[in-house]
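User: I've got a fold here and I'd like to see how each label is earned. Can we go through it value by value?

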Amino acid sequence: MNSRLKDLLKEYVELECGVQELIGAQCGPVCGLCTVACCCRADICEEALESPFLCLLHKRNDLESDAYGFLTETGCALKIGRPPICYEFFCEELLEAQPDDQHRDLLKILGRLPTHAGQNAHGEAHWVEVTQKEELEHLAFQRLEKQMQECFQALEILRSFFDEGTLLDGADRVLDRITLSELD
Ligand code: SF4
Ligand code: SF4
C-alpha cells in the first residue's frame, strides 16, 4: 500500500471517530428511545462489504446476520468503515428534536463530512464506490488530502459549537466548503 493511501486511511479513521462521537452525543438520546422501525438496513450494511476502501477500515468479511446486517442489540457492530450514508441520514423526528434551525443545519453538515472527505476520489467516483482494490493506489491524492483538511477544520468548528455552544471566527467560510461541495 502506498504511503499516501496509508496516511489517508489513518486520517479518515480519526475523522470518522470524531463525527461518530459528536453525532452520537446529539442523536443518541432520541435514537435510544426510537419507537419507529430503526433506519438501519441490511442492504446498506452490505455496501460496507462491497467497498474495498471500507473493507480496509473495518476488516470484516461477513454481516452479523442476513436480516439485520451489522445492526446488533448494542448498535452498529462496525466501529469504523460504515457507509457514509449512515452518518448523512437524519430522520424528521431527529431533526425536529434539535433546538433550532442552526443546530439542524450544522448537524447535517457534520453528517456530510465522511462523504465530503472521499468525493471525486477516482474520476467522479467516491472512494466508497471504487470497486477494484488496486485502483485505491491511484486515487486523486492531492484533492483528497485537501478535502481531508477541510473536514478537520469543519470538525473543529462543529465540535466547538456542539460542545461549548460557540461558533468560531471564520466558521461560515469553512462550513460553506462542505455544503457547496454537494453541488460538485
Ligand atoms: S435516526 Fe430516526 S429512525 Fe433512525 S434510529 Fe434515530 S430516531 Fe430512529
Ligand atoms: S449504521 Fe451500521 S448497522 Fe446501521 S446501516 Fe450503517 S452499517 Fe448498517
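Analyst: Let's start with His-103, which lies in helix H6; helices here are DSSP runs of H or I with at least four residues, strands are E runs of at least two, and both are numbered from the N terminus. One caveat: this is a predicted model, where local features need pLDDT of at least 70 and side-chain atom pairs count only at 80 or more, while totals for chains, interfaces and linings use all residues. Residues are numbered from 1 along each chain as written, chains are lettered from A and ligands numbered from 1 in written order, and side-chain values use heavy atoms, without hydrogens or water.

User: Why is His-103 called buried?

Analyst: Its relative accessible area is 19%. Buried means under 20%, exposed means over 50%, and partly exposed is in between (1.4 Å probe, protein chains only). So His-103 counts as buried at 19%.

User: What makes the link between the side chains of His-103 and Asp-100 a polar contact?

Analyst: The two side chains come to 2.8 Å. The limit is 3.5 Å for a pair of N or O atoms; within protein one must be able to donate a hydrogen and the other to accept it, and residues adjacent in sequence count only if both atoms are side-chain atoms. Beyond four places in sequence, His-103 is also in contact (heavy atoms within 4.5 Å) with Gln-98, Phe-161 and Phe-162.

User: There's another histidine, His-58. Why does His-58 count as buried?

Analyst: His-58 has a relative accessible area of 10%, so it qualifies as buried. This residue sits in helix H3, and a polar atom of its side chain lies 3.0 Å from the backbone nitrogen of Arg-60. Not counting residues up to four places away, His-58 touches Ala-48, Leu-49, Leu-78, Ile-80 and Gly-81.

User: And why is Asp-172 called exposed?

Analyst: Asp-172 has 57% relative accessibility, so exposed is the right word. The residue is found in helix H8. Its C-alpha is 41 Å from that of Asn-61, with the two positions 111 residues apart along the chain.

User: What makes Tyr-12 and Phe-53 an edge-to-face pair?

Analyst: A pair of aromatic rings is described by the distance of the centres and the angle of the planes. Rings of Phe, Tyr and Trp (its six-membered ring) pair if their centres lie within 6.5 Å; planes under 30 degrees apart are stacked, over 60 edge-to-face, and the rest tilted. The centres of Tyr-12 and Phe-53 are 5.8 Å apart and their planes are at 65°, so the pair is edge-to-face. Tyr-12 is in H1 and Phe-53 in H3, so the pair ties together parts 41 residues apart in sequence.

User: And how do you know that Phe-53 and Trp-127 are stacked?

Analyst: Their centres are 4.3 Å apart, with 15° between the planes. Trp-127 is in the loop between H6 and H7 and Phe-53 is in H3, so this pair ties together parts 74 residues apart in sequence. Phe-53 and Trp-127 are both buried. Tyr-12, Phe-53 and Trp-127 make up one aromatic cluster, and the whole structure has 4 aromatic pairs.

User: What makes the bend in H1?

Analyst: The bend is the angle between axes fitted to the seven residues ending at a position and the seven starting there. For H1 that angle is about 50° at Gln-26, and Pro-29 follows within four residues. At the N-terminal end of H1, Asn-2 acts as a cap: a side-chain oxygen is 2.9 Å from the backbone nitrogen of Arg-4.

User: Which residues touch the most other members of the largest nonpolar core?

Analyst: Leu-15, Leu-110, Leu-113, Trp-127, Leu-139 and Leu-158 do, out of 50 residues. Such a core is a set of buried Ala, Val, Leu, Ile, Met, Phe, Trp, Tyr and Cys residues joined through side-chain atoms within 4.5 Å. H7 gives the largest share, 11 residues. Beyond four places in sequence, the contacts of Leu-139 include Leu-5, His-122 and Trp-127.

User: Last one: how do you know that the radius of gyration agrees with a compact globule?

Analyst: For 184 residues the globule value is near 16 Å and the protein has 16 Å, so the two agree. The radius is taken over C-alpha atoms, and the rule is 2.2 Å times the number of residues to the power 0.38. The C-alpha trace spans about 45 × 45 × 25 Å along its principal axes, and the secondary structure comes to 8 helices and 2 strands.
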